[in-house]
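Colleague: Hi, have you got a moment to go through this model with me? I'd like to start with the odd spots and then look at the rest.

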Amino acid sequence: MTKAWETFLSDLRAPLERDPAAEGVLDVVLSYPGFHAITAHRALHAMYRAGVPVLPRFLAHIVRFATGIEIHPGATIGEGFFIDHGMGVVIGATTIIGRDVTLYQGVTLGGTSLKGGKRHPTLLDNVVVGVGAAILGDILVGDNAQIGAGSVVVKDVPPGATVVGIPGRIVSKDGKPAAESSEPSSEPSSESSSRAQVQMPDPTATMIARLEARIRTLEERLRIAQASAETIATQSTEPDSLDAAAL
(Lines give C-alpha, C1' and ligand atoms only; values in the text may rest on other atoms or scores of the structure.)
Protein backbone atom coordinates (compact mmCIF):
# COMPACT_ATOMS: atom_id res chain seq x y z
CA MET A 1 0.00 0.00 0.00
CA THR A 2 2.89 2.34 0.81
CA LYS A 3 4.41 1.69 -2.63
CA ALA A 4 1.09 2.46 -4.33
CA TRP A 5 0.78 5.72 -2.38
CA GLU A 6 4.33 6.76 -3.28
CA THR A 7 3.60 6.03 -6.95
CA PHE A 8 0.39 8.08 -6.78
CA LEU A 9 2.26 11.05 -5.27
CA SER A 10 5.01 10.74 -7.89
CA ASP A 11 2.42 10.80 -10.68
CA LEU A 12 0.79 13.80 -9.02
CA ARG A 13 4.07 15.71 -8.78
CA ALA A 14 5.00 15.05 -12.42
CA PRO A 15 2.61 17.63 -13.98
CA LEU A 16 3.53 20.19 -11.33
CA GLU A 17 7.23 19.79 -12.16
CA ARG A 18 6.97 19.54 -15.96
CA ASP A 19 4.02 21.72 -16.96
CA PRO A 20 4.33 25.47 -16.28
CA ALA A 21 0.57 25.77 -16.81
CA ALA A 22 -0.22 23.62 -13.77
CA GLU A 23 -1.71 25.86 -11.08
CA GLY A 24 -1.48 23.46 -8.16
CA VAL A 25 -2.47 20.06 -6.88
CA LEU A 26 -6.21 20.72 -7.16
CA ASP A 27 -5.81 21.82 -10.78
CA VAL A 28 -4.00 18.57 -11.63
CA VAL A 29 -6.48 16.37 -9.79
CA LEU A 30 -9.53 17.98 -11.40
CA SER A 31 -8.46 18.92 -14.92
CA TYR A 32 -5.51 16.81 -16.13
CA PRO A 33 -6.72 13.86 -18.26
CA GLY A 34 -3.22 12.39 -18.29
CA PHE A 35 -3.27 12.16 -14.49
CA HIS A 36 -6.76 10.64 -14.56
CA ALA A 37 -5.66 8.05 -17.14
CA ILE A 38 -2.52 6.94 -15.31
CA THR A 39 -4.28 6.81 -11.94
CA ALA A 40 -6.99 4.57 -13.39
CA HIS A 41 -4.36 2.47 -15.17
CA ARG A 42 -2.58 1.70 -11.91
CA ALA A 43 -5.69 -0.03 -10.57
CA LEU A 44 -6.57 -1.70 -13.88
CA HIS A 45 -3.03 -3.01 -14.31
CA ALA A 46 -3.18 -4.62 -10.85
CA MET A 47 -6.48 -6.27 -11.81
CA TYR A 48 -5.01 -7.42 -15.13
CA ARG A 49 -1.94 -8.91 -13.41
CA ALA A 50 -4.23 -10.68 -10.95
CA GLY A 51 -5.94 -12.43 -13.85
CA VAL A 52 -9.32 -10.71 -13.60
CA PRO A 53 -11.05 -11.46 -16.94
CA VAL A 54 -12.64 -8.87 -19.25
CA LEU A 55 -13.27 -6.21 -16.58
CA PRO A 56 -9.86 -4.44 -16.85
CA ARG A 57 -10.27 -4.09 -20.63
CA PHE A 58 -13.85 -2.88 -20.28
CA LEU A 59 -12.93 -0.28 -17.66
CA ALA A 60 -9.92 0.84 -19.74
CA HIS A 61 -12.37 1.36 -22.61
CA ILE A 62 -14.46 3.65 -20.40
CA VAL A 63 -11.33 5.56 -19.30
CA ARG A 64 -10.46 6.03 -22.97
CA PHE A 65 -13.83 7.69 -23.62
CA ALA A 66 -13.42 9.89 -20.54
CA THR A 67 -9.83 11.02 -21.18
CA GLY A 68 -9.07 10.43 -24.87
CA ILE A 69 -6.11 8.29 -23.77
CA GLU A 70 -5.94 4.57 -24.52
CA ILE A 71 -3.67 2.54 -22.22
CA HIS A 72 -3.92 -1.22 -22.37
CA PRO A 73 -4.17 -2.67 -18.85
CA GLY A 74 -1.22 -4.92 -19.62
CA ALA A 75 1.22 -2.02 -20.13
CA THR A 76 3.87 -1.66 -17.41
CA ILE A 77 4.46 1.99 -16.47
CA GLY A 78 6.93 3.37 -13.94
CA GLU A 79 6.23 6.12 -11.46
CA GLY A 80 6.37 9.81 -12.30
CA PHE A 81 4.63 9.23 -15.64
CA PHE A 82 3.20 12.35 -17.30
CA ILE A 83 0.98 12.67 -20.37
CA ASP A 84 0.60 16.34 -21.30
CA HIS A 85 -2.81 17.15 -22.85
CA GLY A 86 -3.03 13.51 -23.86
CA MET A 87 -5.72 13.34 -26.53
CA GLY A 88 -5.02 10.49 -28.94
CA VAL A 89 -2.26 8.79 -26.94
CA VAL A 90 -2.19 5.00 -27.48
CA ILE A 91 -0.06 2.65 -25.36
CA GLY A 92 0.00 -1.03 -26.35
CA ALA A 93 -0.33 -4.11 -24.19
CA THR A 94 3.33 -5.15 -23.92
CA THR A 95 4.75 -1.64 -23.61
CA ILE A 96 7.23 -1.10 -20.78
CA ILE A 97 7.84 2.46 -19.57
CA GLY A 98 10.45 3.51 -17.00
CA ARG A 99 10.45 6.30 -14.44
CA ASP A 100 9.74 9.98 -15.12
CA VAL A 101 8.75 9.53 -18.77
CA THR A 102 6.81 12.30 -20.54
CA LEU A 103 4.48 11.86 -23.53
CA TYR A 104 2.68 14.61 -25.43
CA GLN A 105 -0.62 14.36 -27.28
CA GLY A 106 -1.05 11.97 -30.17
CA VAL A 107 1.84 9.67 -29.25
CA THR A 108 1.57 6.03 -30.29
CA LEU A 109 3.55 3.26 -28.61
CA GLY A 110 2.45 0.53 -31.00
CA GLY A 111 3.28 -2.91 -32.28
CA THR A 112 4.34 -4.17 -35.69
CA SER A 113 3.82 -7.90 -35.26
CA LEU A 114 0.70 -10.04 -35.18
CA LYS A 115 2.50 -12.68 -33.16
CA GLY A 116 2.15 -12.98 -29.40
CA GLY A 117 4.80 -12.02 -26.88
CA LYS A 118 6.66 -8.72 -26.60
CA ARG A 119 5.72 -6.57 -29.57
CA HIS A 120 5.61 -3.00 -28.23
CA PRO A 121 8.44 -0.62 -27.32
CA THR A 122 10.37 -0.27 -24.09
CA LEU A 123 11.10 3.29 -22.91
CA LEU A 124 13.69 3.65 -20.18
CA ASP A 125 13.91 6.46 -17.62
CA ASN A 126 13.46 10.18 -18.40
CA VAL A 127 12.43 9.71 -22.03
CA VAL A 128 10.45 12.54 -23.69
CA VAL A 129 8.26 11.80 -26.71
CA GLY A 130 6.96 14.77 -28.73
CA VAL A 131 3.56 15.50 -30.25
CA GLY A 132 2.29 12.92 -32.74
CA ALA A 133 5.38 10.70 -32.62
CA ALA A 134 5.06 6.96 -33.19
CA ILE A 135 7.41 4.40 -31.65
CA LEU A 136 6.67 1.06 -33.26
CA GLY A 137 7.72 -2.49 -32.55
CA ASP A 138 9.75 -4.22 -29.87
CA ILE A 139 12.46 -1.57 -29.75
CA LEU A 140 14.42 -0.02 -26.90
CA VAL A 141 14.57 3.73 -26.28
CA GLY A 142 17.46 4.50 -23.92
CA ASP A 143 17.58 6.71 -20.83
CA ASN A 144 17.17 10.46 -21.39
CA ALA A 145 16.39 10.06 -25.09
CA GLN A 146 14.15 12.60 -26.83
CA ILE A 147 11.84 11.80 -29.74
CA GLY A 148 10.88 14.79 -31.88
CA ALA A 149 7.31 15.68 -32.81
CA GLY A 150 5.91 13.66 -35.70
CA SER A 151 8.81 11.21 -35.80
CA VAL A 152 8.38 7.54 -36.61
CA VAL A 153 10.89 5.43 -34.72
CA VAL A 154 11.35 1.78 -35.71
CA LYS A 155 14.91 1.10 -34.50
CA ASP A 156 16.57 1.15 -31.08
CA VAL A 157 17.54 4.61 -29.79
CA PRO A 158 20.73 4.94 -27.69
CA PRO A 159 20.72 6.75 -24.34
CA GLY A 160 20.83 10.55 -24.53
CA ALA A 161 20.01 10.69 -28.25
CA THR A 162 17.58 13.06 -29.96
CA VAL A 163 15.70 11.50 -32.87
CA VAL A 164 13.62 13.28 -35.53
CA GLY A 165 12.11 12.47 -38.90
CA ILE A 166 10.45 9.63 -40.79
CA PRO A 167 12.03 7.20 -40.29
CA GLY A 168 13.67 8.56 -37.15
CA ARG A 169 17.28 9.73 -37.42
CA ILE A 170 19.68 10.70 -34.67
CA VAL A 171 20.49 14.43 -34.85
CA SER A 172 22.25 14.81 -31.51
CA LYS A 173 23.58 12.75 -28.64
CA ASP A 174 24.16 13.95 -25.10
CA GLY A 175 23.46 17.51 -26.25
CA LYS A 176 26.09 17.47 -29.03
CA PRO A 177 25.11 17.56 -32.72
CA ALA A 178 25.65 14.28 -34.52
CA ALA A 179 28.42 14.40 -37.12
CA GLU A 180 26.00 12.84 -39.57
CA SER A 181 22.32 12.21 -39.23
CA SER A 182 21.93 8.49 -39.10
CA GLU A 183 19.29 5.93 -38.42
CA PRO A 184 19.18 4.78 -34.82
CA SER A 185 21.19 1.62 -34.34
CA SER A 186 22.03 1.26 -38.02
CA GLU A 187 24.26 -1.63 -36.92
CA PRO A 188 21.96 -3.54 -34.59
CA SER A 189 23.38 -5.63 -31.78
CA SER A 190 22.72 -9.36 -31.65
CA GLU A 191 20.20 -8.70 -28.85
CA SER A 192 18.23 -6.10 -30.83
CA SER A 193 18.31 -8.13 -34.04
CA SER A 194 16.50 -10.94 -32.22
CA ARG A 195 13.48 -8.65 -31.80
CA ALA A 196 10.99 -7.91 -34.57
CA GLN A 197 11.74 -4.49 -36.07
CA VAL A 198 10.48 -2.68 -39.12
CA GLN A 199 12.76 -1.99 -42.09
CA MET A 200 11.29 1.34 -43.18
CA PRO A 201 12.51 2.82 -46.47
CA ASP A 202 13.58 6.45 -46.46
CA PRO A 203 12.63 7.94 -49.85
CA THR A 204 13.92 11.38 -48.87
CA ALA A 205 17.40 10.05 -48.10
CA THR A 206 17.38 8.01 -51.29
CA MET A 207 16.46 11.06 -53.38
CA ILE A 208 19.13 13.20 -51.69
CA ALA A 209 21.75 10.53 -52.39
CA ARG A 210 20.72 10.45 -56.06
CA LEU A 211 20.89 14.24 -56.29
CA GLU A 212 24.36 14.26 -54.72
CA ALA A 213 25.56 11.65 -57.21
CA ARG A 214 24.07 13.65 -60.08
CA ILE A 215 25.74 16.86 -58.88
CA ARG A 216 29.12 15.09 -58.67
CA THR A 217 28.68 13.84 -62.23
CA LEU A 218 27.75 17.31 -63.53
CA GLU A 219 30.65 18.92 -61.68
CA GLU A 220 33.07 16.44 -63.26
CA ARG A 221 31.64 17.13 -66.73
CA LEU A 222 31.93 20.88 -66.11
CA ARG A 223 35.55 20.49 -65.01
CA ILE A 224 36.38 18.52 -68.19
CA ALA A 225 34.54 21.08 -70.37
CA GLN A 226 36.40 23.98 -68.75
CA ALA A 227 39.74 22.24 -69.20
CA SER A 228 38.95 21.59 -72.88
CA ALA A 229 37.93 25.23 -73.41
CA GLU A 230 41.15 26.48 -71.83
CA THR A 231 43.21 24.15 -74.04
CA ILE A 232 41.44 25.34 -77.20
CA ALA A 233 41.88 28.99 -76.18
CA THR A 234 45.60 28.46 -75.58
CA GLN A 235 46.09 26.75 -78.95
CA SER A 236 44.21 29.48 -80.81
CA THR A 237 46.44 32.24 -79.40
CA GLU A 238 49.80 30.55 -80.18
CA PRO A 239 49.97 31.49 -83.98
CA ASP A 240 49.29 35.14 -83.18
CA SER A 241 52.19 35.10 -80.77
CA LEU A 242 54.52 33.61 -83.44
CA ASP A 243 53.44 36.23 -86.04
CA ALA A 244 54.09 39.00 -83.57
CA ALA A 245 57.56 37.60 -82.89
CA ALA A 246 58.35 37.42 -86.63
CA LEU A 247 57.46 41.07 -87.12
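Modeller: Happy to. One term before we begin: exposed means over 50% relative accessible area, and buried means under 20%. Also keep in mind that this is a predicted model.

Colleague: Thanks. So is Val54 buried or exposed?

Modeller: Val54 has a relative accessible area of 67%, so Val54 is exposed. Val54 sits in the loop between H3 and H4. Its phi is positive, about 65°, although Val54 is not a glycine.

Colleague: Why would I care about the sign of phi?

Modeller: Because most residues other than glycine have a negative phi. His85 is another residue to check, with a positive phi near 65°. His85 belongs to the loop between E3 and E4, and its relative accessible area of 55% makes His85 exposed.

Colleague: Which peptide bond is cis?

Modeller: The one from Ile166 to Pro167, with omega near -10°. Pro167 lies in the loop between E14 and E15. In that hairpin there are 4 residues between the strands, and Gly165 has a positive phi near 100°.

Colleague: How do E14 and E15 run, parallel or antiparallel?

Modeller: Antiparallel, with 4 bridges joining E14 to strand E15 (residues 169-173). Val164 has Arg169 in E15 as its bridge partner. E14 is also joined by 2 bridges to strand E12 (residues 146-147), and those two run parallel. There, Gln146 is partnered with Thr162 of E14.

Colleague: What about the open sheet, what's the strand order?

Modeller: It has 5 strands in the order E1-E4-E7-E10-E13, with parallel pairing. Strand E1 (70-71) and strand E13 (152-153) are at the edges with a single partner strand each, so one side of each has no neighbour in the sheet. Inside that order, 2 bridges connect strand E4 (residues 90-91) with strand E7 (residues 108-110), and Ile91 stands opposite Leu109 in E7.

Colleague: Switching to packing: how many residues are in the largest nonpolar core?

Modeller: There are 32, and those with the most contacts inside the core include Phe81, Ile91, Leu103 and Ile147. H3, helix H4 (55-67) and strand E14 (161-164) are the elements giving two or more residues to this core. H3 gives the most, with 3 residues.

Colleague: What does Leu103 touch?

Modeller: Setting aside residues up to four places away in sequence, its contacts include Phe81, Ile83, Ile91, Leu109, Leu123 and Val129. Another core, of 7 residues, lies apart from the largest one, and Leu12, Ala22, Val28 and Phe35 are among its members.

Colleague: Leu12 is in H1, right? What do the buried residues of H1 pack against?

Modeller: Yes, Leu12 is one of the buried residues in H1, and so are Thr7 and Ala14. The buried residues of H1 pack against helix H2 (25-31), helix H3 (33-49) and strand E3 (82-83). H1 has 17 residues and reaches 24 Å from first C-alpha to last, close to the 24 Å expected.

Colleague: Last one: how many aromatic pairs are there?

Modeller: The structure holds 2. The rings of Trp5 and Phe8 have centres 5.5 Å apart and planes at 20°, so that pair is stacked. Both residues lie in H1, 3 residues apart, about one turn of the helix. Trp5 is exposed at 52% relative accessible area, while Phe8 is partly exposed at 27%. Ring pairs link Trp5, Phe8 and Phe35 into a cluster.

Definitions and conventions
Residues numbered from 1 in each chain as written. Predicted model: local features only at pLDDT ≥ 70, side-chain atom pairs only at ≥ 80, totals over all residues. Heavy atoms only, no water. Phe/Tyr/Trp six-rings, centres within 6.5 Å; stacked < 30°, edge-to-face > 60°. Buried < 20%, exposed > 50% of the residue type's maximum accessible area, 1.4 Å probe, protein only. Expected span 1.5 Å × (residues − 1). Contact = heavy atoms within 4.5 Å. Core = buried A, V, L, I, M, F, W, Y, C linked by side-chain atoms within 4.5 Å. Pairing = 2+ DSSP bridges.
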